[in-house]
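Okay, thanks for coming, everyone. Let me put the structure up and then walk you through a few spots in it.

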Amino acid sequence: MDYLIRPLSAADEPLLWEMLYQALHTSEGAPPRDILQKREFAHYVEGWGRVDDTGFLAYDANQNTRMLGAVWLRGSKAEQGAESIPKLAFSVNPDVRRRGIGAALLTQLVKANPHHSSIIIHAATNNPAVRLYERFGFKIIAESPHAITMRR
């Protein structure tokens, strides 16, 4: 499959909402769309285009309107005075997974953002992309029965 990767812009917020929804699909299926309105998920996209927002979108080279995947970072202040650790959001459409698109997106993001010494991602414990995150240097720092937090 031929695909291209380009930087995300503020105009891409609608695309990111769709990619976030795709990221929430599990082996049990798709969640209801209103899950995106929950603060724990909406903060990944809402108001996209702030100064510290950065990321990339992969799209089909033959059908430039077909999104294949996206990876993006948003700043996050856990506590007042705490170090700002960006949170990673990552999604590859289910029908094109395991074709190297996710690795290409993560490579592009890491190369473009060497100044981020630390990045956090939250994922389901059964998410097969966890192995990909580990290849990129992410380590599990917190675990629950249904979710993990990884840090690079």
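So, let me start with a question: is His25 buried, partly exposed or exposed? With a relative accessible area of 23%, His25 counts as partly exposed, because the buried class takes in what is under 20% and the exposed class what is over 50%. Before I go on, keep in mind that this is a predicted model. As for where to look on the screen, His25 sits in the loop between helix 1 and helix 2. If you want a ruler across the model, take His25 and Ile141: their C-alpha atoms are separated by 23 Å, and along the chain they are 116 residues apart.

Here are two other loop residues. Leu8 is in the loop between strand 1, residues 3-7, and helix 1. Leu8 has 13% relative accessibility, so we call it buried. From the C-alpha of Leu8 to the C-alpha of Val110 there are 15 Å, with the two positions 102 residues apart along the chain. Then there's Arg98, over in the loop between strand 4 and helix 3. Arg98 is exposed, at 73% relative accessible area. What is the sign of phi at Arg98? Positive: phi there is near 65°, and the residue isn't a glycine.

Okay, on to the rings. The structure has 2 aromatic pairs. Take Phe90 and Tyr133: the ring centres are 5.6 Å apart and the planes sit at 80°, so we call this one edge-to-face, the cut-off for that being over 60 degrees. I like this pair, as the partners come from distant parts of the chain. Phe90 is in strand 4, residues 87-92, and Tyr133 is in helix 4, residues 130-135, which puts them 43 residues apart. Both ends are buried, Phe90 at 12% relative accessibility and Tyr133 at 2%. Add Phe138 and you have one aromatic cluster made of Phe90, Tyr133 and Phe138.

While we're on rings, turn to Tyr21. Which residue lies over the face of Tyr21? That would be Arg33, at 3.9 Å from the ring centre.

Now the pocket. The largest one comes out at about 1,300 Å³. It has 44 lining residues, and the closest to the centre are Ala23, Ala123, Asn127, Ala129 and Tyr133. Yes, that's Tyr133 again, the partner of Phe90 in the edge-to-face pair. Which elements give two or more residues to the lining? They are helix 1 (13-23), helix 2 (39-42), strand 4, helix 3 (101-112), strand 5 (120-124) and helix 4. Strand 4 gives the most, with 5 residues. By residue type, the lining divides into 23 nonpolar, 14 polar and 7 charged.

Last stop, the strands towards the end. Strand 7, residues 147-151, pairs with strand 5 in the antiparallel sense, over 5 bridges. In that pairing, His122 has Thr149 as its bridge partner in strand 7. Strand 7 also pairs with strand 6, residues 139-143, and that's antiparallel too, over 4 bridges. How many residues lie between strand 6 and strand 7 in their hairpin? Just 3. If you'd like to trace the register yourselves, Ile140 stands opposite Met150, and Lys139 stands opposite Arg151.

So, to pull it together: strand 4 carries Phe90 of the edge-to-face pair and also gives the most residues to the lining of the largest pocket. Tyr133, on the other side of that pair, is among the residues closest to the pocket centre. And strand 7 pairs with strand 5 as well as with strand 6. That's it from me, happy to take questions.

Notes. Residues numbered from 1 in each chain as written. Predicted model: local features only at pLDDT ≥ 70, side-chain atom pairs only at ≥ 80, totals over all residues. Heavy atoms only, no water. Phe/Tyr/Trp six-rings, centres within 6.5 Å; stacked < 30°, edge-to-face > 60°. Buried < 20%, exposed > 50% of the residue type's maximum accessible area, 1.4 Å probe, protein only. Lys NZ or Arg CZ within 6 Å of the ring centre and 35° of its normal. 1 Å grid on protein atoms, 1.4 Å probe; cavity = no way out; pocket = protein on both sides within 12 Å on 5 of 7 lines; lining within 4 Å. Points joined across faces, edges and corners; volume = space filled by probe spheres on them. Nonpolar A, V, L, I, M, F, W, Y, C, P; charged D, E, K, R; others polar. Pairing = 2+ DSSP bridges.
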